[in-house]
Amino acid sequence: MEFSSRARQRHARLAGDRREQYPHSLQFYLEPPTESISLVEFESFAIDRLRLLKVVENLGVSHVRTSDTYKTKLEAELRKLKFPYRALAEDDYEARRKDHISHFILRLAYCQSEDLRRWFLQQEMDLFRYRFNELTESLMQKFLEHVNLSFEAIGEDLKNQLANELSSSTPGFTLPKVKEQMFYKVGLADAVDLFRARRVFIKDGFAYVPFKEIDVIVLNNYRTKLSKALALTARSLPSIQSDERLQPLLNHLSHSYVGPDYSVQNNTGKISLEQIDALSVKSFPLCMRQLHRALRESHHLRHGGRMQYGLFLKGIGLTLEQALEFWKKEFIRGKVDADKFDKGYAYSIRHNYGKEGKRTDYTPYSCMKIIMSNPPSQGDYHGCPFRHSDPELLKQKLQSYKIPPSGIAQVLELVKGMHYQLACQKYFELTHDVDDIGFSLNHPNQYFTESQKLLNGGREPKKEFSNSGNFQQKNNSQESINSSSTLTSSNEKADTELEGLEAYFTED
C-alpha cells in the first residue's frame, strides 16, 4: 500500500482501478495489506481508527446497542472519520481502503498482551455488529456470499412442513411471520449461542435460523477468525519489536491518548500551593487523589508516584518553582532533609520541566498510559485504582469518599467489565452530581479541567489548543516519535514507506 500521490498514480497505471479489492463495504479482514505505506498515513489511519474504537467503547456502555441514540452517534463518528457507513455501503473505495489498512495496523499494536487483545476484539466486534445490522437485506446476502457463509435457505415446502415447530421454537414468531421470513439450515456448531438461548429450532444436527438472527452466526464466525488472527500476530512480536520503523509507533498506539496536549501550560501559575488540598478532594481524579493523600500521610512517594503525580500537577498549572517548594516541604516533613532533597530529588523535578538533561518538556500521563504501563507493587500508590486495586479495597475507598451504595455498585460493575476509564467517568458523575458528563474521559488533567469548569460555572479558563484532536506522541519515556514533527514532515519524510507488513500476519 503506497500512499504518496506519486505512488498512488503509479499503481493506478500499473494495476488499473483497484476498487475490485474491496467488493463489499464490510469484511472479515482475512487478507493483510500488501502494499507499501508512508509513515504519515500509517499514523493518521491508526489514530482515526483508535478514536473510532474509543467511541464504540463509550457508546456501548452508555447506550443500548440497538437504540437510535447509539446508532445515530456511531454513524456520525464514522462519517466524521471517513470510515464506511450505511450511506456509503455500495461504493466508497477510499473509506474501505482506510478501514482495511487501519484494522491491521491496530491489530499489530493491540496483539501485544492479553488485555490489549481482549479490548481490541470487543470493540471490533461491536463495530462489526453495528455495521452488519445496518446493511440492507440484499447487501447482507452479498456479504455472506463474499465471506463464504452462504447458508442453505430452506424451501417453502419444508418451511410449511416445519411451520409449527419453527413458530414455537423461535421467540416472537407467529405462524404468519414464519411464512414471511426466510429460514436458513445451519450446522449446530455455528449456532451454539442461539441453541443455548433456546431461540432456534433444532433437528437432525441442524439449526433452522431466521434471517433476522443470522447476525449471531456471522458474529461468532468473525470472533473466531479474529481471535485466531490476533494470536497468530502475537507470535510475530519478536520481529515486530526488533523493527525500528514500527516499534515506537506501535508501542505508543497501544498506550495511546487522543486528545489535548496537557504539557501546554496555559494555566501556569493560576494554582497556589494552598489550594491543592481542597482541589484534591473536589477536582482530582481518584488516581491523583490517592497519590496526594499518600504523600500527605507518609511524606514520601516512590519514583512511579512522583512521576505520575508530579506531571499531573505540572499540567494543572504548577510552575517549576512551586513544584520544587511543594515537594521539598512535604519530603522534609518525613525522613528526607533539605540537603538530601536538593541532591537527590530536585534534579528529577527540574528534568520533568525540561530544565535538565535533554531539555525535554515531559507530558502528563494519560489514562491509557497509567492503566497499561508500570503497574504498582507493594508500597506504591501510582497506577489506576480502578485497574490496579482489589475490588474490595476499591469499594472501601469509595465508601470513605461518601459515594452512595448504588453508585459504588455501578463503578464496580464497570471495573468487572474492564471498562476502567468509564468507571472513572462514573466516579466523576457521582462526585459532581451530574447524570451525563457529555464527554469521554481519557486524561487525568482533562478530569481536573472539566471539574473546575463545572464547579465554577464555566468561569475557569479552559486550555486552548491549536489542534484539539492532536495525537499526543510525547511519551514520557520518550519512546515515541513526536506527532507534530511526524504529521508536518517534509516531502522526503512523507514519502518514507513501510514495506512488507503482511509478513507479520502470516504463518512462517
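**Cavities and core**

Me: How many residues in the lining of the second largest cavity are nonpolar, polar and charged?

Reply: Rolling a probe the size of a water molecule over the atoms shows where empty space is left. A cavity is a set of points on a 1 Å grid over the protein atoms alone where a 1.4 Å probe fits but cannot get out, and lining residues have an atom within 4 Å of a point. Here the lining has 12 nonpolar, 2 polar and no charged residues. Ala, Val, Leu, Ile, Met, Phe, Trp, Tyr, Cys and Pro count as nonpolar, Asp, Glu, Lys and Arg as charged, the others as polar. The model is predicted: local features need pLDDT of at least 70, side-chain atom pairs 80 or more, while totals for chains, interfaces and linings use all residues. Residues are numbered from 1 along each chain, and side-chain values use heavy atoms, without hydrogens or water.

Me: Which residues lie nearest the centre of that cavity?

Reply: Cys287, Cys367, Cys384, Phe386 and Cys424, out of 14 lining residues. Its volume, the space filled by probe spheres set on the joined grid points, is about 100 Å³.

Me: Where does the largest nonpolar core lie?

Reply: In soluble globular proteins, nonpolar side chains tend to be buried together. A nonpolar core joins buried (under 20% relative accessible area, 1.4 Å probe, protein chains only) Ala, Val, Leu, Ile, Met, Phe, Trp, Tyr and Cys residues through side-chain atoms within 4.5 Å. The largest has 69 residues, and Tyr110, Phe128, Phe132 and Phe143 have the most contacts inside it. Domain 1 (39-144) and domain 2 (151-215), with bounds from an automatic or database assignment, both give residues to this core, so it lies between them.

How values were computed
Buried < 20%, exposed > 50% of the residue type's maximum accessible area, 1.4 Å probe, protein only. 1 Å grid on protein atoms, 1.4 Å probe; cavity = no way out; pocket = protein on both sides within 12 Å on 5 of 7 lines; lining within 4 Å.
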